[in-house]
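Reader: I've got the sequence and coordinates open. Can you walk me through the pockets and the helix packing, with the criteria spelled out?

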Amino acid sequence: MQKQPQPQGPELEIVHLLRAVTVELGLHSARFANRNGMHPTDVRALIALMNASRAGEEMTAGRLGAALGLNSAGTTGLLDRLERLGHVRRVRGERDRRKVVIEVDAAAVELGWAFFGPLIGRTVELLQGYDERERAAIRGFLEGVREAAGEDA
């Protein structure tokens, strides 16, 4: 078996730093989940639901399951758990009343801000230290990494 050449150079240092950041963010999210009686996937679900809400999109259980890579039974279990904890509710769709959509409760948003708010605030402060051109480069890099990671899905 022929060994693939390993990339080298300053770019690889950034890749390793991005991996370290990803690990730290995952641990931070896991601490939130643990402190609040949730599974890390529950936190990912809440984030997906809040992202959809910010985009003005209704999120069904099917769409949420697909976004998280869960089957129907796993998605139902996740939503039942989050509903019992008071973090989400199932409601009729605004555009199509036959559809059941998932909404995040305001208390869950407040809980998230209480925990993640300081990290978000510090991150915003860091970004304010860059000019618009630099922020555009950072945004482009992160979007490219996200896209590359999603190609394997």
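Author: Sure, pockets to begin with: the largest pocket holds about 2,500 Å³ of space. This is a predicted model, where local features need pLDDT of at least 70 and side-chain atom pairs count only at pLDDT 80 or more, while totals for chains, interfaces and linings use all residues. Residues are numbered from 1 along each chain as its sequence is written, and side-chain values use heavy atoms, with hydrogens and water left out.

Reader: What makes something a pocket, and what does its volume count?

Author: On a 1 Å grid over the protein atoms alone, a pocket is an open set of points with protein on both sides within 12 Å along at least five of seven lines; lining residues have an atom within 4 Å of a point. Points are joined across faces, edges and corners, and the volume is the space filled by probe spheres (1.4 Å probe) set on them. For the largest pocket that gives about 2,500 Å³. It has 46 lining residues, with V21, L25, I47, T123 and L142 closest to the centre.

Reader: Which element gives the largest share of that lining?

Author: Helix 5, with 13 residues. Helices here are DSSP runs of H or I, at least four residues, and strands are runs of E, at least two, numbered from the N terminus. By class, the lining divides into 30 nonpolar, ten polar and six charged residues. Nonpolar covers Ala, Val, Leu, Ile, Met, Phe, Trp, Tyr, Cys and Pro; charged is Asp, Glu, Lys and Arg; the others, Gly among them, are polar.

Reader: What about the second largest pocket?

Author: Its volume is about 220 Å³, and 13 residues line it, with L49, S53, I102, E103 and V104 nearest the centre. Helix 2 and strand 2 (100-104) each give two or more residues to that lining.

Reader: Why are helix 1 and helix 5 called roughly antiparallel?

Author: Their axes cross at roughly 155° and come within 11 Å. Axes are lines fitted to C-alpha atoms over the stretch in contact, and angles run from 0 to 180 degrees between N-to-C directions. Over 145 degrees counts as roughly antiparallel, so helix 1 and helix 5 get that label. Residues in contact (heavy atoms within 4.5 Å) include L25 and F32 in helix 1 and F115 and L119 in helix 5.

Reader: And how do you know that helix 2 and helix 4 are roughly perpendicular?

Author: The crossing angle is roughly 85°, and 65 to 115 degrees counts as roughly perpendicular. Helix 2 and helix 4 therefore qualify.

Methods. Angles under 35 degrees count as roughly parallel, over 145 as roughly antiparallel, 65 to 115 as roughly perpendicular and the rest as oblique.
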